[in-house]
Amino acid sequence: MANFNTHLNTAVIVTGLGSATLLSAGHVDLNGALWLWFLGSIGGLLPDIDSDKSTSLDTIFNLFALSAVLLVLHYITTELIITISFVELIVVPLLVYGFMKYIIRPIFEWITVHRGSCHSLLFLLLCALLTTQVTWKLNDQTTAQAATFAWLTGGFILLGGLIHLLLDELYSVDLNNVTIKRSFGTALKIADFDNKLITLASVIAIAGLIYIAPPTKHTIIALSDWSNFRFLS
């Protein structure tokens with residue numbers, strides 16, 4: 001399989017070109033393009049989240065923990081409208097980080113196996129839809145632009161993940177000896193049908209996320225218009 005640097009660098013290049021294209025066409029602003037680039041790069045590491053003690057797992061869970069801290073603080077200060085003291089500002093992030101690292105991560109490591117459910121199209125679709133939903137909820141849900149950007153965030157997570165799986169499959173082919181390694185076919189698969197419970201749960205979650213997903217009409221119309229794209233000034 002491809003190593004950490006190969007996955008990251010390839011995802012950074014491809015998703016960087018993708019976000020730059022959207023920026024040039026006026027579909028996103030600079031901040032939006034940078035955010036999509038970041039998400040696409042993370043998507044390029046996402047399937048290896050099932051590899052215990054890997055660099056990808058450490059990187060992604062640290063980012064998950066940071067995101068959880070920010071979401072909790074955002075919810076407390078904006079939804080509950082509670083003023084946080086200096087001590088609470090230190091304690092709350094530490095508690096959330098500890099919960100993610102010492103409870104959520106060990107559970108995740110226990111229920112997953114490398115190149116299992118996380119190395120599948122079903123898992124990537126679940127992550128993409130979840131990203132879309134979270135982004136939409138955190139933005140103004142009344143605007144069509146918010147729905148479009150939400151779908152783009154999910155799309156870049158999916159794109160990065162697909163790059164990862166394709167690289168793993170390509171590295172399963174030994175071009176020098178014209179042979180196929182035993183790992184071929186274990187990365188780019190629809191789902192891990194050996195683990196029927198997780199697969200069923202993923203299908204149910206995906207169906208639910210599709211049901212509550214942002215509207216797609218404006219997104220399709222907006223992304224169909226490339227009249228403002230400029231390759232050169």
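The second largest pocket of this protein is lined by Gly26, His27, Val28, Gln145, Thr148, Phe149, Leu152, His218 and Ala222. Everything described here comes from a predicted model, and that should be kept in mind throughout. About 180 Å³ of space lies in the second largest pocket, and its lining divides into four nonpolar residues, five polar residues and no charged ones. Helix H6 and helix H8 (217–223) each contribute at least two of these lining residues, with the largest share, four residues, coming from H6.

**The overall fold**

The secondary structure of the protein amounts to eight helices and two strands. Followed from the N terminus, these elements are arranged in the order α-α-α-α-α-α-β-β-α-α, which places the two strands after six helices and ahead of two further helices. The protein has 233 residues, and buried residues make up 41% of them.

**The largest pocket**

The largest pocket has a volume of about 1,300 Å³. Its lining is formed by 42 residues, and of these Phe64, Ser67, Leu130, Thr131 and Val134 lie nearest the centre of the pocket. Several helices take part in this lining, for at least two residues are supplied by each of helix H2 (30–43), helix H3 (55–79), H4, helix H5 (121–138), helix H6 (144–170) and helix H7 (196–211). When the lining residues of the largest pocket are sorted by chemical character, 31 are nonpolar, ten are polar and one is charged.

The two pockets can be set side by side in a small table.

| Pocket | Volume | Nonpolar lining residues | Polar lining residues | Charged lining residues |
|---|---|---|---|---|
| Largest pocket | about 1,300 Å³ | 31 residues | ten residues | one residue |
| Second largest pocket | about 180 Å³ | four residues | five residues | no residues |

**A salt bridge between two helices**

How many salt bridges does a search of the whole structure find? The search finds one, and in it the side chains of arginine 105 and aspartate 58 meet at 2.8 Å, taken from N to O. This pair links distant parts of the chain, since arginine 105 belongs to helix H4 and aspartate 58 to helix H3, and the two residues are 47 residues apart. Are the two partners buried or exposed? Arginine 105 counts as buried because its relative accessibility is 14%, which falls under the cut-off of 20%. Aspartate 58, in contrast, has a relative accessible area of 31% and is therefore partly exposed.

**A nonpolar patch on the surface**

On the surface, Phe86, Val87, Ile90, Val91, Leu94 and Leu95 make a nonpolar patch of about 630 Å². One of these residues, valine 87, is found in helix H4, which covers residues 86–111. Valine 87 has a relative accessibility of 54%, and so it counts as exposed, given that the cut-off for an exposed residue is over 50%.

**Residues brought together from separate parts of the chain**

Three further residues show how positions that are separated along the sequence are placed in space. Asparagine 62 has its place in helix H3, and with a relative accessible area of 39% it is partly exposed. Asparagine 62 and methionine 100 are 38 residues apart in sequence, while their C-alpha atoms are 8.7 Å apart in space.

Asparagine 9 is situated in helix H1, which covers residues 4–24, and at 44% relative accessibility asparagine 9 counts as partly exposed. Between the C-alpha atoms of asparagine 9 and glycine 44, which are 35 residues apart along the chain, the separation is 8.8 Å.

Alanine 33 lies in helix H2, and because its relative accessible area is 5%, alanine 33 is buried. Alanine 33 and threonine 21 are twelve residues apart along the chain, and their C-alpha atoms are separated by 9.0 Å.

How values were computed
Residues numbered from 1 in each chain as written. Predicted model: local features only at pLDDT ≥ 70, side-chain atom pairs only at ≥ 80, totals over all residues. Heavy atoms only, no water. Patch = residues over 30% accessible without salt bridge, like charges linked within 9 Å, V, L, I, M, F, W, Y side chains within 5 Å. Areas by Shrake-Rupley, 256 points an atom, 1.4 Å probe, with all protein chains shown as cover. Salt bridge = Lys/Arg side-chain N within 4 Å of Asp/Glu carboxyl O. Buried < 20%, exposed > 50% of the residue type's maximum accessible area, 1.4 Å probe, protein only. 1 Å grid on protein atoms, 1.4 Å probe; cavity = no way out; pocket = protein on both sides within 12 Å on 5 of 7 lines; lining within 4 Å. Points joined across faces, edges and corners; volume = space filled by probe spheres on them. Nonpolar A, V, L, I, M, F, W, Y, C, P; charged D, E, K, R; others polar.
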